[in-house]
Amino acid sequence: MVMFQLSKFMESSSTTNQPEAATSRQVEDVTKGAFRFECNGCGDCCRGGGNVHFSEDELHDLKEFLKLSEEQWLHLKDKLIQFKKNELFVHSSSKACIFIDRDNLCRIYPVRPLQCRSYPYWSSVFESNKELKYHQKKCPGFDREAPEISTLQIVRRINQTLKKFNEQQKNPREPLVL
Ligand code: SF4
Ligand code: SF4
């Protein structure tokens with residue numbers, strides 16, 4: 001699932017070791033100027049073994065979205081968060097994300113974490129041709145018929161992901177997970 005893929009970006013990120021902003025040259029070197037992507041909603045990225053990372057902010061949004069009482073939240077939190085790494089709370093599963101339903105729909109889609117909403121626009125996906133090929137093999141969204149995305153658009157989207165990630169790190173809300 002993409003969870004394995006998604007985790008790499010976040011795991012290489014921390015408040016002390018931020019990934020660098022992407023440059024057009026770097027992206028062009030990796031894509032050779034040809035890149036196509038459109039998520040088809042297959043849900044493969046939410047199944048299988050892997051990690052999903054939530055910021056403190058995202059946990060607040062999740063709790064509000066699901067309209068959970070304190071008791072319900074504590075119950076969910078115990079199942080959802082297995083450990084904390086680089087200021088992010090990690091949902092780790094060998095089977096599937098806790099939020100994927102039988103129809104391959106994300107139960108928390110409007111508040112899904114940045115990790116999920118920003119794929120595949122992370123520095124790590126474009127760090128080498130080998131890495132990009134790995135993702136292309138795993139995810140059907142990299143289809144030959146999918147819309148072409150320009151290098152400039154890729155760079156903008158990667159940098160937007162980094163910006164949002166950094167904002168979350170700078171302005172955390174009060175702890176929901178102790
Ligand atoms: S196309 Fe890729 S990103 Fe979209 S749901 Fe399927 S595996 Fe996930
Ligand atoms: S939070 Fe939603 S989009 Fe993200 S891995 Fe889980 S089911 Fe998939």
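**View 1. Contacts that reach far along the chain.** Take the contacts in this protein between residues at least 6 apart in sequence: 84% of them join residues at least 24 apart. Here, two residues are in contact if their C-beta atoms, placed from the backbone, lie within 7 Å. This is a predicted model, where local features need pLDDT of at least 70, side-chain atom pairs count only at pLDDT 80 or more, and totals for chains, interfaces and linings use all residues. Residues are numbered from 1 along each chain as its sequence is written, while chains are lettered from A and ligands numbered from 1 in the order in which they are written.

**View 2. Val52 in its strand.** Val52 sits in strand S1 (residues 50-54); strands are DSSP runs of E, at least two residues, and helices are runs of H or I, at least four, numbered from the N terminus. Val52 is buried because 27 other C-beta atoms lie within 10 Å, and the cut-off for buried is 20 or more. Its C-alpha atom is 9.9 Å from that of Arg112, 60 residues apart along the chain.

**View 3. Helix H2 meets helix H7.** The axes of H2 (residues 24-31) and H7 (residues 151-170) come within 9 Å and cross at roughly 120°. So H2 is oblique to H7, oblique being any angle outside under 35 degrees (roughly parallel), 65 to 115 (roughly perpendicular) and over 145 (roughly antiparallel). On the H2 side, Ser24, Val27, Glu28 and Thr31 meet Thr151, Leu152, Ile154 and Val155 of H7.

Key:
Buried ≥ 20, exposed ≤ 12 C-beta atoms within 10 Å, placed from the backbone. Axes fitted to C-alpha atoms, helices over the stretch in contact; angles between N-to-C directions.
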